[in-house]
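I opened this notebook to keep track of what I looked up in one protein, going from the whole chain to a few charged side chains. My entries follow the order in which I asked my questions.

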Amino acid sequence: MARNEEKAQSMLNRFITMKSEEKKKPKERRPFLASECRDLSDADKWRQQIMREIGRKVAEIQNEGLGEHRLRDLNDEINKLIREKVHWEKRIVELGGKNFSKYSAKMTDLDGNIVDVPNPSGRGPGYRYFGAAKKLPGVKELFEKPPELRKRRSRYDIYKRIDASYYGYRDDEDGVLEKVERGAEERMRAESVAEWVRLEEIKKEARKMVKSGDVANVGRGVEGEGGVAGILFEEEEDVVMEERREREREIEEEKEKEFVVHVPLPDEKEIEKMVLEKKKRELLSKYASEELLEEEREAKAMLNIHR
């Protein structure tokens with residue numbers, strides 16, 4: 001039997017191959033401008049072709065061993081195809097087709113977060129980096145977030161957040177402190193009431209003993225701090241202190257009533273004398289002015305001056 005290569009070189013096989021190639025249509029080339037396309041199906045076909053080329057090049061650019069220059073060239077080619085794809089998508093919309101730009105992918109960093117990276121090469125804001133191109137020198141820094149500078153707070157910023165809760169004025173609003181203090185308050189109130197009742201009983205007993213003249217019984221409580229003698233002594237001290245306060249209050253009122261005059265004030269006789277002297281001076285000055293006017297008239301009459 002003849003080999004496959006020999007069969008392919010036979011006259012019949014070459015004739016069949018030539019006929020099949022003649023039947024084929026000439027290979028179509030994608031238009032350079034998307035505006036030259038007038039058919040929606042053709043525009044969608046060329047867009048699909050561009051998408052396949054982008055996918056193939058994106059898969060190729062994932063290889064970090066291609067070298068820096070090859071990675072940069074691949075990245076440029078991918079961006080060029082993306083721009084061409086955008087033109088075809090706009091043309092599809094113009095021809096009444098689907099708007100594919102709504103579902104376009106966003107630029108992501110190494111962690112997959114969507115970022116807006118400025119283009120340092122001046123190629124426009126739509127320039128993107130893919131695969132291993134993101135780790136190239138000068139590109140990796142674009143995806144790194146700058147460290148947050150901790151701004152020192154000013155005195156105004158510190159006091160701006162201070163409110164009533166900072167000073168403890170709202171501690172009672174949550175109800176926790178009220179629950180804690182309720183038990184202590186009831187206990188202290190009961191102790192105070194019991195102490196007051198005990199002192200009132202001792203005072204009553206002491207007054208009865210003083211009225212009956214039973215001095216010996218009164219003296220029994222000297223040893224105890226809360227005894228009858230101690231209560232009486234406390235009452236005497238209270239009376240003494242009250243009298244002393246009243247005496248001091250009276251002295252202060254007397255001092256306030258006293259009015260110290262540092263300038264000697266005239267009495268009624270001196271005032272009358274001063275008024276009389278003032279009137280005399282006024283009369284004398286009046287008479288003196290009248291005499292001067294009279295003398296002036298006489299002098300004018302003597303000199304025969306009429307004015």
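The entries below begin with the overall fold, go on to the salt bridges, and end with a patch on the surface.

**Entry 1: the whole chain**

I noted before anything else that this is a predicted model. I then looked up the secondary structure, which comes to ten helices and zero strands, so that I could follow the later entries by helix name. Of the 307 residues in the protein, 17% are buried. I also looked up the exposed surface, which is about 26800 Å², with carbon and sulfur atoms supplying 53% of it. Among contacts with a separation of 6 or more, residues 24 or more positions apart account for 57%.

**Entry 2: arginine 30 and its partners**

I reminded myself that side chains of opposite charge can pair when their charged atoms come close. The count of salt bridges in this model comes to 13, and I chose to look up a few of them in detail.

Which side chain meets that of arginine 30 in a salt bridge of 2.9 Å? I found that it is the side chain of glutamate 84, with the distance taken from N to O. Arginine 30 lies in the loop between α2 (11–23) and α3 (40–61), while glutamate 84 lies in helix α4 (residues 68–94), so the pair ties together parts that are 54 residues apart in sequence. Are these two residues buried or exposed? Both arginine 30 and glutamate 84 are buried.

I next looked up glutamate 53, which is found in helix α3 and whose side chain makes a polar contact of 3.4 Å with the side chain of arginine 30. Glutamate 53 counts as buried because its relative accessibility is 18%, and buried means under 20%. Leaving aside neighbours within four places in sequence, glutamate 53 is in contact with Arg30 and Leu81. With the same neighbours left aside, arginine 30 is in contact with Trp46, Gln49, Ile50, Glu53, Leu81, Glu84 and Trp88.

**Entry 3: two pairs within helix α4**

I then turned to pairs that sit in one helix. The side chains of glutamate 89 and lysine 85 meet in a salt bridge of 3.1 Å, N to O. Glutamate 89 and lysine 85 both lie in helix α4, four residues apart, which is about one turn of the helix, and both of them are buried.

The side chains of arginine 91 and glutamate 94 also meet in a salt bridge, at 3.0 Å from N to O. Arginine 91 and glutamate 94 are three residues apart in helix α4, so about one helical turn separates them. Why did I write down arginine 91 as buried? Its relative accessible area is 14%, and under 20% means buried. Glutamate 94, in contrast, is exposed, because its relative accessible area is 59% and exposed means over 50%.

Going back over the shared partners, I noted that salt bridges join Arg30, Glu53 and Glu84 into one network.

**Entry 4: a nonpolar patch**

Which residues make the nonpolar surface patch of about 400 Å²? I found Leu12, Phe15, Ile16 and Met18. I looked up one of them further: isoleucine 16 has its place in helix α2 and is partly exposed, with a relative accessible area of 47%.

Terms used. Residues are numbered from 1 along each chain as its sequence is written. This is a predicted model: local features need pLDDT of at least 70, side-chain atom pairs count only at pLDDT 80 or more; totals for chains, interfaces and linings use all residues. Side-chain values use heavy atoms; hydrogens and water are left out. A salt bridge is a side-chain nitrogen of Lys or Arg within 4 Å of a carboxyl oxygen of Asp or Glu. Buried means under 20% relative accessible area, exposed over 50%, partly exposed in between (1.4 Å probe, protein chains only). Patches are made of residues with over 30% relative accessible area and no salt bridge: like charges are joined within 9 Å, nonpolar side chains (Val, Leu, Ile, Met, Phe, Trp, Tyr) within 5 Å. Accessible areas come from the Shrake-Rupley method with a 1.4 Å probe; for residues, only the protein chains shown count as cover. Contact means heavy atoms within 4.5 Å. A polar contact is a pair of N or O atoms within 3.5 Å; within protein, one must be able to donate a hydrogen and the other to accept it, and residues adjacent in sequence count only if both atoms are side-chain atoms.
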